Amino acid sequence: MQTRSSSGLTLIELTITLGIIVILASVLLLVMEIPELEQKARDNKRLSDIATIERIINEYANNAKSFPGIANTTYASNVIPDEEEGQDILVSGWIYADFTLYSPTLPIDPKNTDNHVYSYRHNGKAYEINASLEYFDNLMQEDNGDDPALYEVGTNLSIL
Ligand SMILES: [Ca+2]
């Protein structure tokens, strides 16, 4: 016959109860971390996309001897530019240029809303690309750009 402890629980029952509490606590912690993990994942994609866009712009500029897009025009990844009349070029993404030699697509922000877009502008001499990060605030503050709320890369970070 099994003897009961003074509290009414056997050691096995106590162990199982503690085990269940530990599992529930772990699941709760994991669920609480999911939004943060998703923000991190989107930011990692943004950092990789911006590096890709920078590569495409540099390859285009090296070949064409001019930066892609119309000078002093801001392009955003949530707006596809119209192919303008009289200009017979294939617009292959959100920057008004033909990138087919350099990339099949031009990356867009994983959210691609007004608050989270990639943007690009050049002035004929230099260019800047921006992204809005959700998690890595330090990268936006330490990129030497003029806006601490944007992740800025390029050859002149005061164009945008
Ligand atoms: Ca800037």
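This is a short tour of the structure, stop by stop, with something to select at each one. Keep in mind that the model is predicted.

**The whole chain**

Start with everything shown as a cartoon. You should find two helices and four strands, and walking from the N terminus they come in the order α-β-β-β-α-β. The radius of gyration is 26 Å, well over the 15 Å that the globule rule gives for 160 residues, so the chain is more spread out than a compact globule. Along the principal axes, the C-alpha atoms fill a box of roughly 95 × 30 × 25 Å. If you colour by burial, buried residues come to 22% of the 160 residues.

**Helix α1**

Now select residues 11-64, which make up helix α1. Its end C-alpha atoms are 77 Å apart; this agrees with the 80 Å that 54 residues should span at 1.5 Å a residue. Zoom in on Ile34, where α1 has a kink of about 40°. The proline Pro35 follows shortly after that kink.

Next, show side chains for Asp43, Arg46, Ile50, Ile53, Ile56, Ile57 and Tyr60, which are buried residues of α1. What do the buried residues of α1 pack against? Turn the view and you will see β3 and β4 on the other side of that contact.

**Just past the helix**

Select Lys65, just after α1. This residue is in the loop between α1 and β1, and its phi is near 60°, a positive value in a residue other than glycine. Most residues other than glycine have a negative phi. Is Lys65 buried or exposed? Lys65 counts as exposed because it has 7 C-beta neighbours inside 10 Å, where 12 or fewer is the cut-off for that label.

**The sheet**

Bring all the strands into view. The four strands form an open, antiparallel sheet in the order β1-β2-β3-β4. β1 and β4 stand at the edges with a single partner strand each, so one side of each is left without a neighbour in the sheet. Helix α1 packs on this sheet, touching β3 and β4, and its direction makes about 160° with that of β3.

Next, select residues 119-122, strand β2. Which residues cover its two faces? Ser119 and Arg121 are on one side, Tyr120 and His122 on the other, and all four are buried.

Tyr120 is a handy residue to centre on. Tyr75 in β1 stands opposite Tyr120, and in β3 the bridge partner of Tyr120 is Ile129. The β1 strand (residues 75-76) pairs with β2 over two bridges, while β2 and β3 (residues 127-131) pair over four. Move along β2 to His122, and you will find Tyr127 of β3 opposite.

**The hairpin turn**

Follow β2 into β3: the two form a hairpin with four residues between them. Pick Gly124 in that turn, where phi is positive at about 95°.

**The last loop**

Finish at Asn144, in the loop between α2 (137-141) and β4. Phi of Asn144 is near 65°, again a positive value in a residue other than glycine. Asn144 is exposed, with 8 other C-beta atoms within 10 Å. From here you can continue to residues 151-154, strand β4, which brings you back to an edge of the sheet.

Methods. Residues numbered from 1 in each chain as written. Predicted model: local features only at pLDDT ≥ 70, side-chain atom pairs only at ≥ 80, totals over all residues. Rg over C-alpha atoms; globule rule 2.2 N^0.38 Å. Buried ≥ 20, exposed ≤ 12 C-beta atoms within 10 Å, placed from the backbone. Pairing = 2+ DSSP bridges. Expected span 1.5 Å × (residues − 1). Bend = angle between axes of the 7 residues up to and from the residue. Contact = placed C-beta atoms within 7 Å. Axes fitted to C-alpha atoms, helices over the stretch in contact; angles between N-to-C directions.
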